[in-house]
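Here is a short tour of one protein chain. Please keep the sequence and the 3D view open.

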Amino acid sequence: FRSIKYGGYDVMVTGGAESTINSTIVAGFNNMGALSTWNHDPKGACRPFTLSRNGFVMGEGATMMVLEELEHAQKRGAPIYGEIIGYGTSADSYHVTAPHVEGTGAYESMKLAVERAAIDPTEVDYINTHGTSTKLNDAMETKAIKNLFGEYAYEMAISSTKPMHAHLLGGAGAMEFMVSLFAMRDGYVPQTLNYEDPDPELDLDNGRSEEHT
């Protein structure tokens with residue numbers, strides 16, 4: 001994005017990939033208590049924003065995309081799925097594996113994205129959350145959204161698509177970016193699967209699936 005905007009490039013290929021389902025990595029996450037133990041029902045194991053959530057399911061995969069300067073894409077007749085107008089990254093420097101309980105890193109990332117896009121927070125219709133189905137992540141992410149968007153947070157559509165594709169670790173962001181683009185193209189909000197027992201403390205609209213225009 002920055003190379004195209006500031007560096008004079010026309011086209012960049014970018015994305016994310018991960019292939020880490022092996023005994024060492026799985027054992028590490030298991031020792032952290034980050035993996036779901038919902039073994040009696042594997043399809044229901046990833047349960048973001050629910051009372052019964054107890055960890056994520058690891059996945060593998062890759063998502064690649066072409067980022068292109070607008071006029072260059074139009075000139076060659078490329079299909080355009082969306083426009084990136086701003087993004088944010090951060091780190092809360094709190095703990096090697098646990099997020100800050102107030103979601104400071106997530107808050108700063110979203111705040112930067114909104115500011116760099118030069119939009120009002122109320123122009124954001126949907127958030128595809130990190131939504132890992134862990135006690136710590138889902139709670140802090142909810143706090144971060146509330147802290148940034150205030151009362152408007154209750155009007156937004158919010159979901160986690162990890163119950164569909166699992167947690168791709170380093171490939172997660174690119175996968176969820178792609179899902180969000182296709183959701184905008186097709187006019188729907190992806191559902192949070194297994195959202196059967198919502199955690200009352202995480203009281204945003206975390207699970208709806210409905211048509212949008």
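What follows is a set of questions from a visitor, with answers from a guide.

Visitor: What kind of model is this, and how are its residues numbered?
Guide: This is a predicted model, where local features need pLDDT of at least 70, side-chain atom pairs count only at pLDDT 80 or more, and totals for chains, interfaces and linings use all residues. Side-chain values use heavy atoms, leaving out hydrogens and water, and residues are numbered along each chain as its sequence is written, from 1.

Visitor: How many salt bridges are there?
Guide: A salt bridge is a side-chain nitrogen of Lys or Arg within 4 Å of a carboxyl oxygen of Asp or Glu. By this rule the count is ten.

Visitor: How many residues apart in sequence are the parts that D199 and R53 tie together?
Guide: D199 and R53 form a salt bridge, with their closest N and O atoms 3.0 Å apart. Both D199 and R53 are buried; buried means under 20% relative accessible area, exposed over 50%, and partly exposed in between (1.4 Å probe, protein chains only). D199 lies in the segment after α7 and R53 in the loop between α2 (23-32) and β2, so the pair ties together parts that are 146 residues apart. Helices (H or I, at least four residues) and strands (E, at least two) are DSSP runs, numbered from the N terminus.

Visitor: Which helix holds both E115 and K111?
Guide: E115 and K111 form a salt bridge, the closest N and O atoms being 2.7 Å apart. E115 is partly exposed at 47% relative accessible area, and K111 is partly exposed at 27%. The two are four residues apart, about one turn of the helix, and that helix is α4.

Visitor: Is K162 buried or exposed?
Guide: K162 forms a salt bridge with E176, and their closest N and O atoms are 2.7 Å apart. K162 lies in helix α6 (residues 162-165) and E176 in helix α7, so the pair ties together parts that are 14 residues apart in sequence. E176 has 7% relative accessibility and counts as buried. With a relative accessible area of 1%, K162 is buried.

Visitor: What space lies in the second largest pocket?
Guide: A pocket is an open set of points on a 1 Å grid over the protein atoms alone, where a 1.4 Å probe fits, with protein on both sides within 12 Å along at least five of seven lines. Its lining residues have an atom within 4 Å of a point; among them here are I21, W38, F56 and M58. The lining divides into nine nonpolar, two polar and no charged residues. The space in this pocket is about 160 Å³.

Visitor: Which elements give two or more residues to the nonpolar surface patch?
Guide: V11, V13, M64 and V66 form this patch, with about 380 Å² of accessible area together. Patch residues have over 30% relative accessible area and no salt bridge, and nonpolar side chains are joined within 5 Å. V11, for one, is partly exposed at 36%. The elements are β1 (11-18) and β2 (61-68).

Visitor: Is N194 buried or exposed?
Guide: N194 is not a glycine, yet its phi is positive, about 65°. N194 sits in the segment after α7 (172-186). At 15% relative accessibility, N194 counts as buried.

Visitor: Is S93 buried or exposed?
Guide: S93 also has a positive phi without being a glycine, at about 50°. S93 lies in the loop between α3 (70-75) and α4 (104-117). At 72% relative accessibility, S93 counts as exposed.

Note on methods:
Grid points are joined across faces, edges and corners, and a volume is the space filled by probe spheres set on the points. Ala, Val, Leu, Ile, Met, Phe, Trp, Tyr, Cys and Pro count as nonpolar, Asp, Glu, Lys and Arg as charged, and the others, Gly among them, as polar. Patches are made of residues with over 30% relative accessible area and no salt bridge: like charges are joined within 9 Å, nonpolar side chains (Val, Leu, Ile, Met, Phe, Trp, Tyr) within 5 Å. Accessible areas come from the Shrake-Rupley method with a 1.4 Å probe; for residues, only the protein chains shown count as cover.
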